[in-house]
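Subject: Handing over the structure, with notes

Dear colleague,

Here is the structure we talked about, and my notes follow below it. Please read them with the sequence and the model open side by side.

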Amino acid sequence: MPVVVFPTSQLLWVRVAALLFTCVAFSVVAHGGRLSSGGMADWCIFCWAFSFACTLLVLLVEQFGLQARIPVSWSNFPITVACYGALLCLSASIIFPVLFLRDQYYISTSQEHRIATTVFSCLATVAYLWEVSLSKARPGEVAGYMATAPGLLKVCQTFVACIIFILISDPVSYTQHAALKWCMAVYCICFILSMAVVVLCVGECTGCLPIPFSKFLSAYGLLAVIMYLTATIIWPVFQFDKQYRSSTDNKLIAVSVFTAINFLLYLADLVYTARLVFVTV
């Protein structure tokens, strides 16, 4: 029978803070925010609720000493949760006030609830970033892949790709030319491979690959950099040509920016991967 222990550490209290902040964020807005269902409101609530649920799972497993019974790599899972939590809460902290604090038609009590939700969302973002800082691998330290810089960059790559998918799907803005379809293929292929790396590391399945994991990372990193370089050039060239220009210029500009960001993330990933020596625990 597992023994319940309550060790006191900075990491524990940071996780508890993230748990409380996300809980307050979605509870307050659900109680008095008066949000209409659907769209970005549901996305923000999902960000806080999902982060809360995953953090609660991490805390319960660690406090009850169940790491060995969970079919995931515990050197990779908590920091992956923290990194996704930071990105999700950061996106909600930007989207929510932009869309829901400028509305002049709700009563003052609802405005107060929305302001409080924004504040706690920002606090949750800080807490998750702090947890990532405490959990990431230090130079010379034995750690799981997801605790290294390339592992954290993989999480960022998949998150940025999801933002790109949202922007180009409503309305669909990649069917005007074959070159734009190539860009969509780049986003999909690189997202699938990056997510596969995250799943393999968290699930301790890297040994299932037919080639050594380090060689797979190097080859994939180089391929992704080349593919994203082409997309970074092709997307704005063809998307902003007068012959193919759409009326949703703001979204198209955003896609160009996020494509460039992901190119830089993949480039940094390749550089770190070429230099990194890690030991899987």
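Among contacts in the protein (heavy atoms within 4.5 Å) between residues at least 6 apart in sequence, 79% join residues at least 24 apart. Please keep in mind that this is a predicted model, in which local features need pLDDT of at least 70 and side-chain atom pairs count only at pLDDT 80 or more, while totals for chains, interfaces and linings use all residues. Residues are numbered from 1 along each chain as its sequence is written, and side-chain values use heavy atoms, with hydrogens and water left out.

The overall build

The protein has eight helices and zero strands, where helices (H or I, at least four residues) and strands (E, at least two) are DSSP runs numbered from the N terminus. Of its 281 residues, 42% count as buried, a word that here means under 20% relative accessible area, with exposed meaning over 50% and partly exposed in between (1.4 Å probe, protein chains only). The protein exposes about 14,300 Å², of which carbon and sulfur atoms supply 71%; accessible areas come from the Shrake-Rupley method with a 1.4 Å probe, and for residues only the protein chains shown count as cover.

The nonpolar core and a surface patch

The largest nonpolar core contains 71 residues, and those with the most contacts inside it are Trp48, Met146, Tyr187, Cys190, Val197, Tyr228 and Trp235. Such a core is a set of buried Ala, Val, Leu, Ile, Met, Phe, Trp, Tyr and Cys residues joined through side-chain atoms within 4.5 Å. Helix 3 gives the most to this core, with 13 residues. Not counting residues up to four places away in sequence, tyrosine 187 touches Ile164, Phe165, Ile168, Tyr228, Ala231, Trp235, Val255 and Thr259.

Helix 3 also appears at the surface, where Met40, Leu90, Ile94, Val98 and Leu99 make a nonpolar patch of about 400 Å², and four residues, the largest share of that patch, come from helix 3. Patches are made of residues with over 30% relative accessible area and no salt bridge, like charges being joined within 9 Å and nonpolar side chains (Val, Leu, Ile, Met, Phe, Trp, Tyr) within 5 Å. Valine 98, which lies in helix 3, is partly exposed, with a relative accessible area of 41%. Serine 91, by contrast, has its place in helix 3 (residues 77-100) but counts as buried, at 11% relative accessibility. Leaving aside its neighbours within four places in sequence, serine 91 is in contact with Trp43, Cys47 and Phe159.

Salt bridges

A search of the whole structure finds three salt bridges, each being a side-chain nitrogen of Lys or Arg within 4 Å of a carboxyl oxygen of Asp or Glu. The side chains of glutamate 62 and arginine 15 meet in one of them, at 2.7 Å from N to O, and this pair links distant parts of the chain, with glutamate 62 in helix 2, arginine 15 in helix 1, and their positions 47 residues apart. Glutamate 62 counts as partly exposed at 24% relative accessibility, whereas arginine 15 is buried, with a relative accessible area of 4%. Arginine 15 also meets glutamate 131 in a salt bridge (2.8 Å, N to O), and Arg15, Glu62 and Glu131 are thereby linked in a network of salt bridges.

The side chains of lysine 154 and aspartate 269 form a salt bridge as well (2.5 Å, N to O). Lysine 154 lies in helix 5 and aspartate 269 in helix 8, so the pair ties together parts that are 115 residues apart in sequence. Lysine 154 is buried, with a relative accessible area of 1%, and aspartate 269 is buried too, at 3%.

Cysteines and one loop residue

How many disulfides does a search of the whole structure find? The search finds zero, a disulfide being a pair of cysteine sulfur atoms within 2.5 Å. The sulfur of cysteine 44 is 6.1 Å from the closest cysteine sulfur, in cysteine 47, which is too far for a bond. Cysteine 44 counts as buried, at 0% relative accessibility.

Lastly, glutamate 204 is found in the loop between helix 6 (178-202) and helix 7 (213-239). Its phi is near 55 degrees, a positive value in a residue other than glycine, and glutamate 204 counts as exposed at 52% relative accessibility.

With best wishes
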